[in-house]
Amino acid sequence: MSDPAALLASLHTASAPRLAGDRVIFELSRPDLETDAYTTRLHAVPVSGPATACPRRVSSGQSDRDVAPAGEARALVRAAPRSPAQLWVGLGEAAPRAVTDEPLGILEAVLEASGRSALVVARDPQPGRYGTDPDVPAEAEAPRRITTAQYSANGLGYTLDRPARLLRVPLEDEDALAPAGAIPLPDPVEIIRLTGDVREPRAQHGRVSVLGPAVAPGTTPDLRSAVWIEADGSPVRLDTGSLSVQSHAWLDHDRVLLLAADLGPSGTDFVARVAGLHLHDLRDGTTVRLTPEDRCELGGSLRIVDGAALCLQTHDGAERLVRITLPTTGSQAHVEPLTPTDWVVTGFDADADGRIVVTAATPTSAGDVVRIDAAESGEHVPVPLTALAGAAWSPTHRVTARTDGGDVHGWCAMPDGEGPHPVVLLIHGGPFAQYTAAVLDEVQAHLDAGVAVVWSNPRGSAGRGRDWGLAVRGNFAEPAATDVLAVLDAALEAHPRLDRTRQAVAGGSYGGYLTAMITATHHRFRAAIVERGFLDPIAFAGTSDIGTYFGREYVGEDSAEVARQSPLARAGEVQTPTLVMHSEQDLRCPLEQAQQYYAALLRHGAEAEMVVFPGEDHELSRSGRPRHRAARFEAYLDWWQRHLIPRADASARATERER
């Protein structure tokens with residue numbers, strides 16, 4: 001059997017590139033199984049190349065994140081082991097030190113233009129909670145009185161008693177990046193207080209701004225977020241109607257560009273809403289959408305370079321960097337892709353000289369730094385600046401199937417050898433999300449164990465426009481199930497090395513939901529894994545952090561229709577041996593979803609087991625403790641070993657490896 005721990009140890013993530021003179025500074029993160037934590041450190045490579053496998057490390061903390069625009073990576077957000085993150089300055093000096101001491105740490109930071117102060121986002125704990133009183137442990141805190149519809153968040157817990165605030169932190173008078181010994185620990189000066197969480201601090205063109213809730217928390221949910229600006233020391237919200245703003249950047253002192261989606265008058269009409277580029281003018285209060293409403297799904301951070309906007313676009317299995325030329329009056333913006341169609345861009349930067357750099361995962365790399373050059377032909381040429389080591393990633397094959405919804409796109413990857421190989425159908429979460437062609441640790445873990453994998457983007461997924469995403473609203477399973485099974489069948493037809501007699505299916509979140517619904521209808525699979533699933537819409541409404549609106553928007557409120565779309569209601573039809581996997585602290589799909597579904601499977605006589613990860617939340621597969629992530633792979637492969645892979649096959653592979 002493969003070694004999941006070795007696979008995880010070989011992973012890395014490159015992100016947050018920043019042009020700094022003749023260098024690119026970027027963040028490099030790796031899981032460390034020995035400490036059961038992640039290291040994130042700043043590294044630098046020459047912007048002129050050539051590609052290097054060993055970029056120079058320029059920070060040495062356990063977890064370091066860049067604070068732009070520091071210029072020489074001497075201001076950053078650093079989290080020491082078992083301590084919350086704080087703002088540090090004086091990096092490269094003999095005695096760098098923290099200049100904040102927030103009890104719950106800081107989340108984001110940016111230097112103001114003068115360099116003499118920083119804007120930081122920090123959670124403001126209610127007195128007597130979260131360790132602010134050493135004599136009051138968590139279990140002895142005062143009871144919470146809940147009066148709002150939304151009061152918790154996966155990965156955090158209760159939110160209203162520790163909202164995120166924007167603070168201004170003065171540095172020292174002469175040079176914010178002088179040796180840190182000259183910088184006193186200041187008392188942060190609060191400039192904006194909001195009822196709910198804030199994020200994305202900006203200091204541009206004389207404006208200080210931040211994203212925050214469009215309305216105060218109430219008894220009905222509202223998902224909209226808005227731009228708040230500092231005006232004479234007080235917060236003022238820009239009126240952008242029913243838009244929910246994801247990112248923003250100031251075009252000048254009076255105009256702000258917004259990446260935003262229209263959530264309708266209710267503030268919860270989120271299904272398949274395509275975020276686009278908008279222009280808001282403070283002078284007359286108007287907001288104009290510059291990109292199409294039904295396609296061109298934009299996201300990520302937003303930058304203005306030489307009058308054009310740079311951001312990311314989710315597009316048919318890719319996350320690509322695009323440049324958006326702002327339109328003249330009455331016309332739409334022109335969107336120009338700058339990166340290949342099979343990349344996942346994780347960060348980017350550009351400067352006034354026309355230089356563009358990105359960090360990206362590709363079909364052959366978990367993450368590298370790349371310069372994007374403009375050729376005379378008008379094409380954009382990727383020039384690698386790093387060649388970071390990692391696993392030997394297996395090649396993927398594109399698969400397309402035709403269903404009543406149109407062409408469905410996916411991929412297939414196979415282990416070495418003639419086969420025939422058992423095959424697992426993987427299904428992504430969301431549903432308004434997507435798989436990509438970039439390397440995926442889950443795929444490689446299966447391949448290392450001798451199991452082929454098929455994955456795809458069925459109806460309901462992102463990347464194909466609003467109509468594609470809306471196709472599962474009110475019919476949450478059937479269109480997507482038809483599509484993923486069609487791609488599986490197309491892969492089986494195209495690749496004789498796949499074993500038609502040994503098939504399995506697995507998925508997480510929405511993928512867990514769809515796996516459970518498929519096994520209630522189709523009995524072709526030898527085994528299934530249902531992970532962190534949306535399994536009981538009725539209980540979900542009262543227990544999930546998104547329960548007040550998610551199920552209502554996707555499966556409706558009619559009791560018969562909810563039952564028709566409920567895996568729990570259909571558990572008695574499952575004949576497939578099923579492993580139910582969940583995390584103890586999951587607030588998105590709470591643990592009771594798994595417990596109820598597992599109990600129902602047993603009650604109806606199905607073969608089932610349950611694996612529960614302590615201390616983890618909905619993000620286990622992406623950012624859980626490294627040892628738990630390895631244990632998750634081991635649980636997957638053990639289940640396949642018992643139900644999908646004949647032990648003789650496993651013994652033969654082990655013997656071959658020993659040779």
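A contact here means heavy atoms within 4.5 Å. With that in hand, some notes on this predicted model.

1. Start with Ser461. Ser461 sits in the loop between β34 (452–457) and α3 (466–470). Leaving aside residues up to four places away in sequence, Ser461 touches His428, Pro431, Phe432, Ala433, Trp468 and Gly469.

2. Is Ser461 buried or exposed? The cut-off for buried is under 20% relative accessible area, and Ser461 comes in at 1% relative accessibility, so it counts as buried.

3. Now the polar side of Ser461. Its side chain makes a polar contact of 2.8 Å with the side chain of His428. A polar atom of the Ser461 side chain also lies 2.7 Å from the backbone oxygen of Pro458. His428 therefore turns up twice if you go through the neighbours of Ser461: in the list of residues touched and, because N or O atoms within 3.5 Å can qualify as a polar contact, as a side-chain partner at 2.8 Å.

4. On to the sheet. β19, β20, β21 and β22 form an open, four-stranded sheet in that order, with antiparallel pairing. At the edges are β19 (243–250) and β22 (287–289), each pairing on one side only. From one strand to the next, the twist averages 30 degrees.

5. A closer look at one pair in that sheet: β19 and β20 (residues 255–262) run antiparallel and are joined by seven bridges. If you want a spot to check by eye, take Trp250, whose bridge partner in β20 is Val256.

6. Next, helix α9 (residues 591–603). Its 13 residues reach 18 Å from first C-alpha to last, close to the 18 Å expected at 1.5 Å a residue. After the helix comes Gly605, which has a positive phi, near 85 degrees.

7. Which residues of α9 are buried? They are Leu591, Glu592, Gln593, Ala594, Tyr597, Ala600 and Leu601. In an α-helix there are 3.6 residues a turn, so residues three or four places apart point the same way. That is worth having in mind when you view Ala594, Tyr597 and Leu601, which are among the buried ones.

8. What do the buried residues of α9 pack against? Their partners are two helices, α5 (510–521) and α6 (537–543), plus the strands β36 (527–531), β37 (578–583) and β38 (608–613).

9. Last, α11 (residues 626–643). Its 18 residues should span 26 Å at 1.5 Å a residue, and the end C-alpha atoms are 26 Å apart, so the two agree. This helix is mostly covered, with 13 of its 18 residues buried.

Methods
Residues are numbered from 1 along each chain as its sequence is written. This is a predicted model: local features need pLDDT of at least 70, side-chain atom pairs count only at pLDDT 80 or more; totals for chains, interfaces and linings use all residues. Side-chain values use heavy atoms; hydrogens and water are left out. The expected span of a helix is 1.5 Å times one less than its number of residues. Buried means under 20% relative accessible area, exposed over 50%, partly exposed in between (1.4 Å probe, protein chains only). Two strands pair if DSSP finds at least two bridges between them. Axes are lines fitted to C-alpha atoms, for helices over the stretch in contact, and angles run from 0 to 180 degrees between N-to-C directions. A polar contact is a pair of N or O atoms within 3.5 Å; within protein, one must be able to donate a hydrogen and the other to accept it, and residues adjacent in sequence count only if both atoms are side-chain atoms.
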